[in-house]
Amino acid sequence: MKKNFALEAPNKKPDRVLEAIKADVNKYLARERRKTLPEGVDYWDFDCKVGVDEGSAQRVHVKELSKSIDQVALRKVPSVYIEILATRGVRAK
């Protein structure tokens, strides 16, 4: 998923817009995790980037995705860019 989310919406409070963005991201992660794993893969890992736009997006861990979205929203910018790419994860034994 590579998407720009608007942080401002008419007739909606900014906090509700932010919650909707986070819910959309969490639904996407859950949908990707439900996909069947290929042979030899232990889990789905995710490469995530968050920023004001695609050029300034920084890599973040999937667990810190929500915090990073909040940090971008605190800058009072009109939109946030989120990139989430599913990768194959193999546990080291």
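Two strands are taken to pair if DSSP finds at least two bridges between them. Helices (H or I, at least four residues) and strands (E, at least two) are DSSP runs, numbered from the N terminus. The model is predicted: local features need pLDDT of at least 70, side-chain atom pairs count only at pLDDT 80 or more, and totals for chains, interfaces and linings use all residues. Residues are numbered from 1 along each chain as its sequence is written, and side-chain values use heavy atoms, with hydrogens and water left out.

**Exercise 1. Determine how strand β2 pairs with strand β3, and which residues stand opposite each other.**

Step 1. Strand β3 covers residues 58-60, and β2 pairs with β3 in the antiparallel sense over three bridges.

Step 2. Glutamine 58 in β3 is the bridge partner of valine 50, and valine 60 in β3 stands opposite cysteine 48.

Step 3. The connection from β2 to β3 is a hairpin through six residues.

**Exercise 2. Establish the strand order of the sheet and identify the strands at its edges.**

Step 1. Begin with the inventory: the protein chain has two helices and four strands, and along the sequence these follow the pattern β-α-β-β-α-β.

Step 2. Consider the partners of β4. Strand β2 (residues 43-51) and strand β4 (residues 79-89) are antiparallel and share nine bridges; here tyrosine 43 faces glycine 89 of β4. Strand β1 is also joined to β4, by five bridges and in antiparallel fashion, with phenylalanine 5 opposite valine 80 in β4.

Step 3. Assemble the sheet. The four strands form an open sheet in the order β1-β4-β2-β3, with antiparallel pairing. The edges are β1 (2-6) and β3; each has a single partner strand, so one side of each is left without a neighbour in the sheet. From one strand to the next, the twist averages 30°, where axes are lines fitted to C-alpha atoms, for helices over the stretch in contact, and angles run from 0 to 180 degrees between N-to-C directions.

**Exercise 3. Describe the packing of helix α1 against helix α2.**

Step 1. Two packed helices are described by the angle between their axes and the distance between the axes.

Step 2. For helix α1 (residues 14-34) and helix α2 (residues 65-74), the axes come within 11 Å and cross at roughly 150°. That makes α1 roughly antiparallel to α2 (under 35 degrees counts as roughly parallel, over 145 as roughly antiparallel, 65 to 115 as roughly perpendicular and the rest as oblique).

Step 3. List the contact residues, contact meaning heavy atoms within 4.5 Å. Helix α1 contributes Leu18, Lys22, Val25 and Leu29, while α2 contributes Leu65, Ser66, Ile69, Asp70 and Ala73.

Step 4. Classify them: the contact of α1 with α2 has six nonpolar, one polar and two charged residues. In this scheme Ala, Val, Leu, Ile, Met, Phe, Trp, Tyr, Cys and Pro count as nonpolar, Asp, Glu, Lys and Arg as charged, and the others, Gly among them, as polar.

**Exercise 4. Place each helix relative to the sheet strands.**

Step 1. Helix α1 lies across β1, β2 and β4 and runs at about 15° to β4.

Step 2. Helix α2 lies across β2, β3 and β4 and runs at about 10° to β2.

**Exercise 5. State how many salt bridges the whole structure has, and examine the one between arginine 16 and glutamate 19.**

Step 1. The criterion is a side-chain nitrogen of Lys or Arg within 4 Å of a carboxyl oxygen of Asp or Glu. The search finds five salt bridges.

Step 2. In the salt bridge of arginine 16 with glutamate 19, the N to O distance is 2.7 Å. Both residues lie in helix α1, three residues apart, about one turn of the helix.
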